Amino acid sequence: MRRFLGILVLALLTFSAAPGTLVSESMAGESRVPLPSPAKAFKGEQCVEPAAVMRREHMVYLQHQRDETVRDGIRGKKYSLKECVACHATASPKIADGSVRTLQPFCAECHAYAAVTIDCFACHTDKPDNSKSSAVLDDDALMAMIENHLKSPGNTELKQ
Amino acid sequence: MTKAFDVSKRRLLAGSAALAGIAVAPGITLIATSEARGAGPATSKNRWGLLIDSTKCTAGCDECVVACRTEQGWQGHDRPTTDAQWIRKVSLKDNSTGATHSLPVMCQHCENPPCVDVCPTGASMQRADGIVLVDKHICIGCRYCMMACPYKARSFVHEDVTDQKTHMPRGKGTVESCTLCVHRIDADGIPACVEACTEKAENAMMFGDLNDPGSDIAKELSKQVTTRLRADLGLEPGVHYRGIG
């Protein structure tokens, strides 16, 4: 049942992300169907796979790479949880007054919506190495932030 | 049972897992992987180990312990009976002469690890290159491995953990121990304890590939007889000690 719900949600999300559909036109806020709005990535132009694929498959990739890394010592591959954190941890005024970057505004936004509970962050930190949102930004991240800011007035749409 | 360990089955399983790993990775690559160094996989060509010279190790010094704690983030709650302890300084005294010496003890990365034999889920595991680890993803916290280890090298995490290091996830309800700094080894580095001992202390620790006759550690080992703790158990530890025999 939960699986089915998840697929339904994902289908909805994917559908709504296709440009030109009715749903995507009404995404800006007035939609009658509430949708999750995961925070925009902190850095990076695109995800490790197209966003539509990631929405569906991220848990499979993560689990697969987890076993490869821990058991076989294969590192530096693209579905690293540490790397998800580096790109997707963002500051939010709701968390420590926006002073730290965490994954909450991204992962938890969708998971709360789809009633998914993950335990990964009981062990893995959801804060990047330099988690303070001010002062310690590397150049890369700073440029990405500025670009993101210029590109997106609303920060919430699910467009790719 | 004395020395009769059946390792062949485990070897076989590890081998087939490595093979299965090759046949994957489909899909479209949009961006290149960030860092491809040390990509692995770990192979049995290497056998990582340590050589610890207790004649150089000084009693008051705990730079290796401090370095490990800082690197891996296992600082405790001032509760010595339950706090995690991945590496500890041990003092030995020869009662007949009164002479003492000091040495660090951590997971001995046995070739025939009893902790792996007793694990009911396969979480306690040995990599192809000999490093003994807990795969915390499937650890159920039963602690059989802690009881099986003759070196008391493993700890159980009793409390919630926050602010972990990005490279070392830790959480309540699982067992953990020295990883030989696997994250550093996979990036061509050396363990934090060895680095600290070399840079800040008496240069009593050496890390390297026991399988490579040309490595510094293999050359040192061939010069002088070394001792392995409880060698009588036949576990073939990867950690060698000098000066305690």
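This report looks at a predicted model, taking in chain B, its interface with chain A, and one helix of chain A.

## Chain B overall

Let's start with chain B, which is built from seven helices and nine strands. Of its 245 residues, 44% are buried. The accessible surface of the chain adds up to about 12,800 Å², and carbon and sulfur atoms account for 54% of that.

As for how the chain folds back on itself, take the contacts in chain B between residues at least 6 apart in sequence: 61% of these link residues at least 24 apart.

## Where B meets A

Put chain B and chain A together and about 2,700 Å² gets buried between them, with 51% of it on carbon and sulfur atoms. Chain B brings 35 residues to the contact, and chain A brings 26 residues.

On the polar side, nine residue pairs are in polar contact between the two chains, counting pairs with both residues at pLDDT 80 or more. Three salt bridges also turn up across the interface. One of them pairs B:Asp163 with A:Lys127, and their closest N and O atoms sit 3.0 Å apart. On the chain B side that touches chain A, α1 (8–22) and α5 (182–185) each supply at least two residues. That side of chain B splits into 15 nonpolar, 13 polar and seven charged residues.

## Helix α5 of chain A

Over in chain A, helix α5 spans residues 104–114, and its A:Pro105, A:Cys107, A:His111 and A:Ala114 are buried. The buried residues of this helix pack against α3 (51–72), β1 (90–91) and β2 (101–102) of chain A. Just past the end of α5(A), A:Ala115 adopts a positive phi of about 55°.

Technical notes
Residues numbered from 1 in each chain as written. Chains lettered and ligands numbered in written order. Predicted model: local features only at pLDDT ≥ 70, side-chain atom pairs only at ≥ 80, totals over all residues. Heavy atoms only, no water. Buried < 20%, exposed > 50% of the residue type's maximum accessible area, 1.4 Å probe, protein only. Helix = DSSP H or I, 4+ residues; strand = E, 2+ residues; numbered from the N terminus. Contact = heavy atoms within 4.5 Å. Areas by Shrake-Rupley, 256 points an atom, 1.4 Å probe, with all protein chains shown as cover. Buried area = accessible area lost by both parts, 1.4 Å probe. Salt bridge = Lys/Arg side-chain N within 4 Å of Asp/Glu carboxyl O. Polar contact = N/O pair within 3.5 Å; in protein donor to acceptor, adjacent residues only side chain to side chain. Nonpolar A, V, L, I, M, F, W, Y, C, P; charged D, E, K, R; others polar.
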